[in-house]
Structure formats: structure tokens, C-alpha cells
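Reader: Pick one part of this model and take me through it closely. Start with any term I need, then keep to one thread.

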Amino acid sequence: MEIYAPNPDHRGDMNAPQPPLPIRALVAPVTPLQQNCTIVWCARTKKAAVIDPGGEVPRLLAALKEQDLTLEKIWITHGHLDHAGGTAALKEATAVPIEGPHPDDQFWIDDIGASGAKWGMPDARGFTPDRWLGDGDTVTLGETEFEVIHCPGHTPGHVVFFHRQARFAQVGDVLFQGSIGRTDFPRGNHQQLIDSITRKLWPLGDDVRFVPGHGPMSTFGQERRTNPFVADEVLADQ
């Protein structure tokens, strides 16, 4: 379903005309791990990016066709199997460039094939990004631009995609509604993850709505108030 509607935290006249949003998005959970693959597109040009195609590539291609979208990019937040296992197949089917993640996740991408065999996803394969991403980079989609924020902790090369005007972020497995990413994987780091959330995501604004790697959407403001791991009151007591 389309995730964009007037912001529920809006305090103005709800009957007043709202400015047209520059992007739209669909969230399509894929793989047995129900990873939130996101199809995001420029509202004016209908040029689309698939963020984290973990699997079920035919279903993603069907969704693009149903929405009358033209795939322009594949964006990867991090190299874990459930987020990136279908990347190679989607690239082969469409020939569009792969952007992301940060190069520190190369070892995770190299492990996708072995992880797929272990977790019952034998079609998953590694790939080589056309462009590695770093903190402060930007990626374009049609007439729109997203900021790239390097947020290590869950994995060392994890990145977040942020559209400032739309107040929208795709945060992968950095942050969830009511939780945070695991840090018990190789090269995970709990304090680094907390720092990524509080120093890089919170300053973007409480009104930012985000798609997590799994589960329902939330806002940074809601998580600052209620998340048992990174709420302001929780961290103040530590």
C-alpha cells in the first residue's frame, strides 16, 4: 500500500491543501524473514528504486508493472541475506545499477550464497555494487534526491536513505518500532549502533517517518519517547 498521507502529527488545518509529496512508496515484505523491501519512486517521473530486494524478485517486478513504474536503481542498506539476497537476480532481469551499501559490508555480500544455502534460500547470490556509498553521499531518483547516512553498528557498512523534503527514511535494521538492530553478528557493535541512532538519526527530526527492515513503520519522535533501548529517558539513566 502507499505509505504517504498527511502526517498524523500535523497540528495545522487538516482541511487545508497539502503540498504534493515528491515521492511515493510501497512496502513489500519478502522472504521467510519478512524483510521490508521498499519500492520508492519519484512522483513526477515514476522512476523507481527497489530498496533491499531480499528475494521474491518476480513479485517485485510484478509490483513495479502494476504501479506503472520504471525501475532506475537498486539501493542496498546492508549486506545481510534477507536484505540483499535477490539483488543479483533483479540486476540480471533489469540491468539497472546497484548503489550501496558502504564498502565495509563487502564480507557480508560475499557470504550471501553460503547464507542462502543455510537458511533455505538457495537462489540468493552475492553481487558487486556499481557504486559503493559513504556518509554524506546522495543518490538520485528521477527528479528527486536522497541523502545517504552511514549508520554502522548492526553491520559495519550499513547505510540509511533519507528524503529530507518528504520527511521519510528507510533505515534497514538500524532501528525498529520498539527495538533496535542486533549487534551479535560479526563486526556488530552495540555502542556504535546507539551512537548511529542518537547522533545521526535523531537530529533529522522527530517528524521523520521511517520504514524499518522488519515490522511496522514509526517515527523518530515516537521512538525517542517509547523505545526501550534508545528513548531519551532510557539513555539519560545510563
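Author: Angles here run from 0 to 180 degrees between N-to-C directions, with axes fitted to C-alpha atoms. Contact means heavy atoms within 4.5 Å. The model is predicted.

The part I pick is the open sheet, followed outward to what surrounds it. Five strands form this sheet, in the order E1-E2-E3-E4-E5. Their pairing is mixed. The edges are strand E1 (23–30) and strand E5 (98–99), and each pairs on one side only.

Take the E5 edge. Strand E4, residues 70–75, runs parallel to E5. Two bridges join E4 and E5. Ile74 stands opposite Ile98, a residue of E5.

Now the helices. Helix H3 (residues 87–94) packs on the sheet and touches E3, E4 and E5. The direction of H3 makes about 150 degrees with that of E4. Helix H1, residues 57–66, lies across four strands: E1, E2 (35–42), E3 (47–51) and E4. H1 runs at about 155 degrees to E1. So far, then, E3 and E4 meet H3, and H1 lies across E3 and E4 as well.

Go back to E1. Thr31 sits in the loop between E1 and E2. Is Thr31 buried or exposed? Its relative accessibility is 5%, which is under the 20% limit, so Thr31 counts as buried. Who are its partners beyond four places in sequence? Thr31 is in contact with Gly54, Gly55, Glu56, Asp82 and Met121.

Asp82 leads on to the largest pocket. Asp82 is among the lining residues that lie nearest the pocket's centre, with Leu33, His80, Trp119 and Phe185. The lining has 20 residues, and the pocket's volume is about 510 Å³. By class, nine lining residues are nonpolar, six are polar and five are charged. Helix H2 (81–84) and helix H5 (112–118) each supply at least two of them. H5 gives the largest share, four residues.

One more loop deserves a look. Pro152 lies between strand E7 (144–150) and strand E8 (159–163). Pro152 is buried too, because its relative accessible area is 11%, under the 20% limit. Setting aside neighbours within four places in sequence, Pro152 contacts His158, Gln192, Leu193 and Ser196. Pro152 and His78 are 74 residues apart in sequence. In space, C-alpha to C-alpha, Pro152 and His78 are 9.6 Å apart.

Note on methods:
Residues numbered from 1 in each chain as written. Predicted model: local features only at pLDDT ≥ 70, side-chain atom pairs only at ≥ 80, totals over all residues. Heavy atoms only, no water. 1 Å grid on protein atoms, 1.4 Å probe; cavity = no way out; pocket = protein on both sides within 12 Å on 5 of 7 lines; lining within 4 Å. Points joined across faces, edges and corners; volume = space filled by probe spheres on them. Nonpolar A, V, L, I, M, F, W, Y, C, P; charged D, E, K, R; others polar. Pairing = 2+ DSSP bridges. Buried < 20%, exposed > 50% of the residue type's maximum accessible area, 1.4 Å probe, protein only.
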